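Me: Hey, I've got a protein chain open and could use a hand reading it. Can we go through it bit by bit?

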Amino acid sequence: MTTEFSGRFAVYSSELGAPTDADLALTESAGCIAHLAIEFQRSHETLTQALENMRDSEEELRRTTDAIAQAILVLDPDGTAIYANRVALDYAGLTLEEVRGEGFRERIIHLEDLERLREFRQSALARTAPL
């Protein structure tokens, strides 16, 4: 939502006369400052709305992935877990914070399988293949 602004600047003097060059420069400067303030406010409103939209989209995605009956684990490019859906959390018996934390794989994957999985994941990530 963009709000329209308008305004006027006035310089008052105790003496009658036309505005001086200093008066004109002062009102021009005030206009520039007002313009910057208005643009800042508009940018702030736009960013606030974009953040709200992003949060709504993220929440909708979470509801969707939680409704899927398969375990979903999202990794960032270096293999760090950043999200797990409800099925994955329930299966592992962990919270999302625990999944995001250090050593969660060691808690849910047999140690003999851990290195093989790590190599497979790194290989898939290197060639941007889904896994």
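**Charges, shape and a few residues**

Reply: Sure, and keep in mind that this is a predicted model. Let's start with charge: the protein chain has 13 positive and 24 negative charges, and their mean positions are 9 Å apart.

Me: OK, next topic. How many helices and strands does the protein chain have?

Reply: There are 5 helices and 2 strands.

Me: And in what order do the elements run from the N terminus on?

Reply: They go α-β-β-α-α-α-α. So the N-terminal end of that list is a helix, followed by the two strands and then the other helices.

Me: What's the radius of gyration of the protein chain?

Reply: The protein chain has 29 Å, while a compact globule of 131 residues would have a value near 14 Å. The box tells you about the outline too: along the principal axes, the C-alpha atoms fill roughly 90 × 30 × 25 Å.

Me: What share of the residues counts as buried?

Reply: Just 13% of the 131 residues. As for the accessible surface, that comes to about 10,700 Å², with 57% of it belonging to carbon and sulfur atoms.

Me: And the contacts between residues at least 6 apart in sequence, how many of those join residues at least 24 apart?

Reply: That's 27% of them.

Me: Let me pick a residue. Where is Thr-65?

Reply: Thr-65 sits in helix H1, which covers residues 21-67.

Me: Is Thr-65 buried or exposed?

Reply: Buried, because its relative accessible area is 10%, and the cut-off for buried is under 20%.

Me: What is Thr-65 in contact with, leaving aside its neighbours within four places in sequence?

Reply: Thr-65 touches Ile-72, Tyr-83 and Asn-85. Back along the chain, a polar atom of the Thr-65 side chain also lies 3.2 Å from the backbone oxygen of Arg-62.

Me: Switching again, which helix does Arg-42 lie in?

Reply: Helix H1. Arg-42 counts as partly exposed because its relative accessible area is 23%.

Me: How far is the C-alpha atom of Arg-42 from that of Gly-103?

Reply: They're separated by 44 Å, with the two residues 61 apart along the chain.

Me: Last one: where does Leu-117 lie?

Reply: In helix H5, residues 111-126. Leu-117 has 31% relative accessibility, so this residue is partly exposed. The C-alpha atoms of Leu-117 and Arg-105 are 9.9 Å apart, and these residues are 12 apart along the chain.

Definitions and conventions:
Residues are numbered from 1 along each chain as its sequence is written. This is a predicted model: local features need pLDDT of at least 70, side-chain atom pairs count only at pLDDT 80 or more; totals for chains, interfaces and linings use all residues. Side-chain values use heavy atoms; hydrogens and water are left out. Helices (H or I, at least four residues) and strands (E, at least two) are DSSP runs, numbered from the N terminus. The radius of gyration is taken over C-alpha atoms; the globule rule is 2.2 Å times the number of residues to the power 0.38. Buried means under 20% relative accessible area, exposed over 50%, partly exposed in between (1.4 Å probe, protein chains only). Contact means heavy atoms within 4.5 Å. Accessible areas come from the Shrake-Rupley method with a 1.4 Å probe; for residues, only the protein chains shown count as cover. Lys and Arg count as positive and Asp and Glu as negative; His and the chain ends are not counted. The place of a charge is taken as NZ of Lys, CZ of Arg, CG of Asp or CD of Glu. A polar contact is a pair of N or O atoms within 3.5 Å; within protein, one must be able to donate a hydrogen and the other to accept it, and residues adjacent in sequence count only if both atoms are side-chain atoms.
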